[in-house]
Amino acid sequence: MKPIYRPFQIDDLPALIPLMEQLGYIHSEHSLLGNIQALRNSGGEVFVAERNNKVLGCAAAIVDVRLAEGTQGEIVSLVVLEEMRGFGLGKGLVKAAEEWLFQYADTVRVRANEIRAEARQFYLGMGYEVSKIQVVLSKESLTKKAMP
């Protein structure tokens, strides 16, 4: 049976927990649902790859607006269950996200962590090109650090 690529539904939530773990992020259903709601509230969407009523992967699509660069689409948090990689599910998720994003932006970009060489090769194989190399710097709020 061919996979279906569709927007996230609430029943998909439990299947996304182990997918996020494969990316290195630990979530409860509550925390992940909060992220999905915030993403959608800011104009983004989450897509899932499903086959035989089982979610096998997901990707988020966000619309990013910058003063200098203008509006661009971005694919984030793309992951396919490890045992299902290599069967085209990631490509299908990218295509679903691109189709949705190109309604809002003329350019779609992705970011691949330097330690994920396979991800970089995957995107290069899908026609993406390296357009910028940069360092990401973060700072947590003092209130977040003070919380138990």
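I began with Leu81, which I found in the loop that runs between strand 4 (70–80) and helix 3 (89–101); I note at the outset that the model I am reading is a predicted one.

I then looked up how covered this residue is: Leu81 has a relative accessibility of 9%, and because buried means under 20%, I enter Leu81 as buried.

Next I listed what Leu81 touches, leaving aside residues up to four places away in sequence, and I wrote down Leu19, Gln22, Lys54, Val55 and Leu56. I also checked Gly57, which is 24 residues from Leu81 along the chain, and found 5.9 Å between the C-alpha atoms of the two.

From there I turned to the chain as a whole. For contacts with a separation of 6 or more, I recorded that 57% join residues 24 or more positions apart. I counted 5 helices and 5 strands in the protein chain, and reading along the sequence I noted their order as β-α-α-β-β-β-α-β-α-α.

For overall dimensions, I noted that the C-alpha trace spans about 50 × 40 × 30 Å along its principal axes. The radius of gyration is 16 Å, which agrees with the value near 15 Å for a compact globule of 148 residues.

Finally I looked up burial, surface and charge. Of the 148 residues, 36% count as buried, while the accessible surface comes to about 10,000 Å², with 54% of that area belonging to carbon and sulfur atoms. I entered 17 positive and 18 negative side chains, with the centres of the two sets lying 3 Å apart.

Note on methods. Residues numbered from 1 in each chain as written. Predicted model: local features only at pLDDT ≥ 70, side-chain atom pairs only at ≥ 80, totals over all residues. Heavy atoms only, no water. Helix = DSSP H or I, 4+ residues; strand = E, 2+ residues; numbered from the N terminus. Rg over C-alpha atoms; globule rule 2.2 N^0.38 Å. Buried < 20%, exposed > 50% of the residue type's maximum accessible area, 1.4 Å probe, protein only. Contact = heavy atoms within 4.5 Å. Areas by Shrake-Rupley, 256 points an atom, 1.4 Å probe, with all protein chains shown as cover. Lys, Arg positive; Asp, Glu negative; His and termini not counted. Charge placed at Lys NZ, Arg CZ, Asp CG, Glu CD.
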